[in-house]
Structures are given as structure tokens and as C-alpha cells.
Amino acid sequence: MSGDFVIEFLLGSHFMKQTVSFVAIAMLATLANAQFKQTPLTGTWSVTEIRITGPNARTITHPQPGLLIFTGNHYSLMIIESDQARAEVESPQTKKPTADELLATWGPFTAASGTYEISGNTLTTRPTVAKNPQVMAPGNVQLNTFKIEKNTLTITRTRNGNTPAANPTTIILTKIE
């Protein structure tokens with residue numbers, strides 16, 4: 001028996017093969033959609049304001065570009081915590097940058113990605129990769145409060161691991177997608 005004959009024999013007809021194919025595709029699409037859970041945070045958010053408290057308190061009303069992206073279970077954050085453009089550092093192949101030049105470029109830049117959970121108005125993040133190695137240390141979690149009003153998201157850091165945030169930072173974002 002040839003393979004085609006066996007398939008024809010098992011499925012009975014061309015119509016049956018099409019039906020089975022359609023059902024299989026529909027089941028896969030349903031499964032993929034079920035794995036992508038929607039949350040109130042799902043989407044892409046652009047940073048519009050940063051409020052920093054503590055000794056160097058300030059409000060950045062015209063921040064440099066920053067994005068926070070939430071999927072069903074994961075998030076990715078890239079923010080430049082400054083209202084000034086970062087200094088450009090020449091390539092190490094052409095010039096060795098000074099410590100001050102590197103700090104001016106990398107200091108205000110924050111990046112982290114990982115998983116998140118929501119409970120009420122508490123957002124718990126578990127970074128798996130970050131610019132700062134301490135942020136992605138095993139078991140490190142960050143707790144934040146959040147509030148959504150129309151297309152505006154306000155997030156305030158309340159804890160870093162087991163330590164309350166001494167100088168909480170609040171980030172205000174606008175949903176762009």
C-alpha cells in the first residue's frame with residue numbers, strides 16, 4: 001500500500017482531509033490564543049514623565065525615549081532616566097572612553113526583562129535579564145503599585161526584594177499599542 005492510499009483509506013475522501021486539516025489548524029490557533037492571556041497592562045507603553053524622590057529629587061517632564069512592553073506573562077523595559085540626550089561615546093576601537101564619558105552614557109539607561117504577575121493594584125516583576133547584574137540576581141523581585149486611567153499607566157516602585165524602596169520612583173506612561 002502506498003502512503004497516499006493509506007491516507008485516502010483512513011480519511012475516506014478529499015473532503016474529510018480538508019475538514020481534518022481545518023480542525024487541526026483551528027485547535028492550534030485556539031491553543032496559541034489561550035496561552036496569551038490578556039492583562040490590564042498588555043501592550044506597549046511610552047514613558048511620558050518620571051518622578052524621582054529622595055536627595056536628588058526631580059521630575060523629568062520631557063524624558064528621553066523609553067518603552068515598557070507587557071505580554072501575557074512577560075515584560076521588557078528600556079528607559080533613559082534623563083531629560084537630556086545621552087552623551088555619545090566614541091567606539092573603544094577609535095578612542096578609549098573615560099569613566100565619566102561611560103557614566104554619562106550608561107548611567108541614566110535602565111533595561112530589564114522578565115516575568116510579571118498582577119494582584120489587585122500590585123505589579124510584581126521578576127527580572128531574568130537586566131543592565132544591572134544585581135537586578136537579575138536569582139530570587140530578586142520588585143514590587144510596584146500601578147494605576148491605569150484611560151490610556152495612562154502610573155507605576156511606583158515600592159520594594160526591591162525584601163527592602164522597601166527608600167526613595168520610590170514613579171513612572172508615568174502612555175499606551176501606544
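# Exercises on a predicted model

Of the 21 residues in the largest nonpolar core, Leu-68, Phe-70, Leu-153 and Leu-173 touch the most other members. Such a core is a set of buried Ala, Val, Leu, Ile, Met, Phe, Trp, Tyr and Cys residues joined through side-chain atoms within 4.5 Å. Buried means under 20% relative accessible area, exposed means over 50%, and partly exposed lies in between (1.4 Å probe, protein chains only).

This is a predicted model, in which local features need pLDDT of at least 70, side-chain atom pairs count only at pLDDT 80 or more, and totals for chains, interfaces and linings use all residues. Residues are numbered from 1 along each chain as its sequence is written, and side-chain values use heavy atoms, with hydrogens and water left out.

## Exercise 1: the core

Find which elements give two or more residues to the largest nonpolar core.

**Solution.**

- Step 1. Mark the contributors: strand S1 (43-52), strand S3 (66-70), strand S4 (74-80), S5, S6, strand S8 (152-160) and strand S10 (169-175). Strands (E, at least two residues) and helices (H or I, at least four) are DSSP runs, numbered from the N terminus.
- Step 2. Pick out S1. It gives the largest share of this core, four residues.
- Step 3. Recall the general trend. In soluble globular proteins, nonpolar side chains tend to be buried together.
- Step 4. Now take Leu-173. Leave aside its neighbours within four places in sequence. Its contacts (heavy atoms within 4.5 Å) include Trp-45, Val-47, Leu-68, Leu-153 and Ile-155.

## Exercise 2: the whole protein

Describe the protein by its elements, its buried share and its surface.

**Solution.**

- Step 1. Count the elements. There are three helices and 10 strands.
- Step 2. Read along the sequence. The pattern is α-α-β-β-β-β-α-β-β-β-β-β-β.
- Step 3. Check burial. Of the 177 residues, 29% are buried.
- Step 4. Check the contacts with a separation of 6 or more. Residues 24 or more positions apart account for 42% of them.
- Step 5. Turn to the surface. Its accessible area is about 11700 Å², and 60% of that belongs to carbon and sulfur atoms. Accessible areas come from the Shrake-Rupley method with a 1.4 Å probe; for residues, only the protein chains shown count as cover.

## Exercise 3: salt bridges

How many salt bridges does the structure hold? Work through each pair.

**Solution.**

- Step 1. Set the rule. A side-chain nitrogen of Lys or Arg must be within 4 Å of a carboxyl oxygen of Asp or Glu.
- Step 2. Count. The structure holds three.
- Step 3. Take Arg-51 and Glu-49. Their side chains meet at 2.6 Å, N to O. Glu-49 counts as buried because its relative accessibility is 17%. Arg-51, at 39%, is partly exposed.
- Step 4. Take Glu-117 and Arg-126. Here the N to O distance is 3.4 Å. Glu-117 is partly exposed at 47%, and Arg-126 is partly exposed at 33%.
- Step 5. Take Lys-147 and Glu-149. They meet at 4.0 Å, N to O. Lys-147 has 45% relative accessibility, so it counts as partly exposed.

## Exercise 4: Asn-140 and Ser-113

Is Asn-140 buried or exposed? Then look at the polar contacts of Asn-140 and Ser-113.

**Solution.**

- Step 1. Place Asn-140. It sits in the loop between strand S6 (122-130) and strand S7 (142-149).
- Step 2. Judge its cover. Asn-140 is buried because its relative accessible area is 18%.
- Step 3. Follow its side chain. It reaches the backbone oxygen of Gln-134 at 3.3 Å. A polar contact is a pair of N or O atoms within 3.5 Å; within protein, one must be able to donate a hydrogen and the other to accept it, and residues adjacent in sequence count only if both atoms are side-chain atoms.
- Step 4. Move to Ser-113, in strand S5 (residues 109-119). A polar contact of 2.8 Å joins its side chain to that of Ser-76.
- Step 5. Compare the contact lists, not counting residues up to four places away in sequence. Pro-127 is one of the residues touched by Asn-140. Pro-127 is also among those touched by Ser-113.

## Exercise 5: Lys-150

Where is Lys-150, and is it buried or exposed?

**Solution.**

- Step 1. Locate Lys-150. It lies in the loop between S7 and S8.
- Step 2. Read its backbone angle. Phi is near 55°, a positive value in a residue other than glycine.
- Step 3. Judge its cover. Lys-150 is exposed because its relative accessible area is 84%.
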